[in-house]
Amino acid sequence: MRALHLLARVCAALAALAAPITACTAHDSGRITVGVKFDQPGLGVKEPDGTLRGFDVDVARYVAGRLGYPPDRITWIEAPSGQRETLLRNGQVDYVVATYSITDNRRRKVDFAGPYLLTGQSLLVRTDNTDITGTSSLQHHKKLCSVSGSTPAQRIKDRYPGVQLQRYDTYSACVEALRNNAIDAVTTDDVILAGYAAQSPGAFKLVGEPFSAESYGIGVRKGDDALRTQINNALVEMESDGSWRASFAANFGAAGFAVPTPPPIDR
């Protein structure tokens with residue numbers, strides 16, 4: 001009897017030790033939790049009826065399917081730019097597909113699968129604006145909006161100190177400020193800006209040439225090599241079976257974007 005009690009105590013101790021390891025994995029409940037943007041036309045938008053659509057959403061859903069999670073077993077969480085690392089490090093999501101540029105600084109905090117899309121930073125202005133034609137126009141004390149915690153915001157701060165940089169929580173807030181003449185331009189990656197321009201025909205235009213090269217990756221917790229490998233395998237499948245191209249055309253065709261060549265996966 002004493003031996004049985006001892007065995008029970010050992011099992012309980014082992015269970016207690018194991019619990020923190022499993023509890024931090026969001027998909028232990030038979031579901032997978034994915035972070036996406038809710039307010040970026042063409043990439044990740046939450047509709048009034050609660051459904052999600054966009055290229056990032058399609059990529060996230062495809063990956064989940066290859067991991068064994070059909071759409072009805074995906075939990076979607078909004079992942080604003082400034083919260084992506086926190087969501088991953090706290091175990092609130094399994095992975096993030098949210099216009100997440102791969103940078104050395106971010107690699108210190110999280111790991112990335114991909115990249116799954118290449119893009120570049122650009123400028124969005126009102127259609128009647130003739131003052132801003134590209135980055136050469138930014139030094140004349142223009143009010144420029146980007147998102148807190150984003151790579152574009154940091155690039156503007158580092159390279160264009162004469163700009164009055166306004167940092168909002170979301171790009172949709174920046175676009176509304178642009179619409180209301182509170183700012184002069186919005187800056188982020190061209191695919192994001194094209195989505196907003198397509199959403200409001202005749203109101204906005206992209207100006208100048210892209211002035212950066214961004215690689216979008218899928219963020220995972222630091223050290224989760226197994227998940228990173230599985231996601232990379234899913235991305236290879238998505239590119240090879242035509243799903244990647246079909247999704248890009250469906251989400252950006254109206255904005256006049258030609259379907260690019262999918263980027264090579266960094267294995």
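# Worked exercises on a predicted model

At 16% relative accessibility, Lys142 counts as buried. The structure is a predicted model, and the exercises below treat its salt bridges, one helix, one strand residue and a sheet.

**Exercise 1. Classify Lys142 by accessibility and find its salt-bridge partner.**

Step 1. The cut-off for buried is under 20% relative accessible area. Lys142 has 16%, so the residue is buried.

Step 2. The partner is Asp131, with 3.6 Å between the closest N and O atoms.

Step 3. Both residues lie in the loop between β8 (121-126) and β9 (143-147), so the salt bridge ties together parts that are eleven residues apart in sequence.

**Exercise 2. Determine which helices are linked by the salt bridge of Arg106 and Glu85.**

Step 1. The two side chains meet at 3.7 Å, N to O, which is within the 4 Å limit for a salt bridge.

Step 2. Arg106 belongs to helix α4 (residues 104-107) and Glu85 to helix α3 (residues 84-89). The pair is 21 residues apart and links distant parts of the chain.

Step 3. Arg106 and Glu85 are both buried.

**Exercise 3. Describe helix α6 through its salt bridge, its buried residues and the residue just after it.**

Step 1. Helix α6 covers residues 171-179 and holds both Glu176 and Arg179. These two form a salt bridge, their closest N and O atoms being 3.2 Å apart.

Step 2. The spacing of Glu176 and Arg179 is three residues, about one turn of the helix. An α-helix has 3.6 residues a turn, so residues three or four places apart point the same way.

Step 3. Glu176 is partly exposed at 37% relative accessibility, and Arg179 is partly exposed at 34%.

Step 4. Elsewhere, Arg66, Glu237 and Asp241 are joined into one network by salt bridges that share partners. The total number of salt bridges is ten.

Step 5. The buried residues of α6 are Tyr171, Cys174, Val175, Ala177 and Leu178. Viewed down the helix axis they fall within an arc of 160°, so they line one face of α6.

Step 6. Just after α6, Asn181 has a positive phi of about 65°.

**Exercise 4. Work out the surroundings of Thr119.**

Step 1. Thr119 sits in strand β7 (residues 110-119).

Step 2. Its relative accessible area is 10%, so Thr119 is buried.

Step 3. Leaving out residues up to four places away in sequence, Thr119 touches Asp189, Asp190, Val191, Ser212, Ala213, Glu214 and Tyr216.

Step 4. With Asp190, Thr119 also makes a side-chain polar contact of 2.3 Å.

**Exercise 5. Give the strand order of the sheet that contains β2, and identify its edges.**

Step 1. The order is β2-β3-β4, an open sheet of three strands with antiparallel pairing.

Step 2. β2 (39-40) and β4 (52-53) each pair on one side only, which makes them the edge strands.

Step 3. β2 and β3 (residues 44-46) run antiparallel and are joined by two bridges. Asp39 stands opposite Val45 in β3.

**Exercise 6. Summarise the whole chain.**

Step 1. The secondary structure comes to nine helices and 13 strands.

Step 2. Of the 267 residues, 48% are buried.

Step 3. Among contacts between residues at least 6 apart in sequence, 70% join residues at least 24 apart.

Step 4. The chain exposes about 12500 Å², with carbon and sulfur atoms supplying 52% of this area.

Note on methods. Residues are numbered from 1 along each chain as its sequence is written. This is a predicted model: local features need pLDDT of at least 70, side-chain atom pairs count only at pLDDT 80 or more; totals for chains, interfaces and linings use all residues. Side-chain values use heavy atoms; hydrogens and water are left out. Two strands pair if DSSP finds at least two bridges between them. Helices (H or I, at least four residues) and strands (E, at least two) are DSSP runs, numbered from the N terminus. Buried means under 20% relative accessible area, exposed over 50%, partly exposed in between (1.4 Å probe, protein chains only). Contact means heavy atoms within 4.5 Å. Accessible areas come from the Shrake-Rupley method with a 1.4 Å probe; for residues, only the protein chains shown count as cover. The arc is that of the directions from the helix axis to the C-beta atoms. A polar contact is a pair of N or O atoms within 3.5 Å; within protein, one must be able to donate a hydrogen and the other to accept it, and residues adjacent in sequence count only if both atoms are side-chain atoms.
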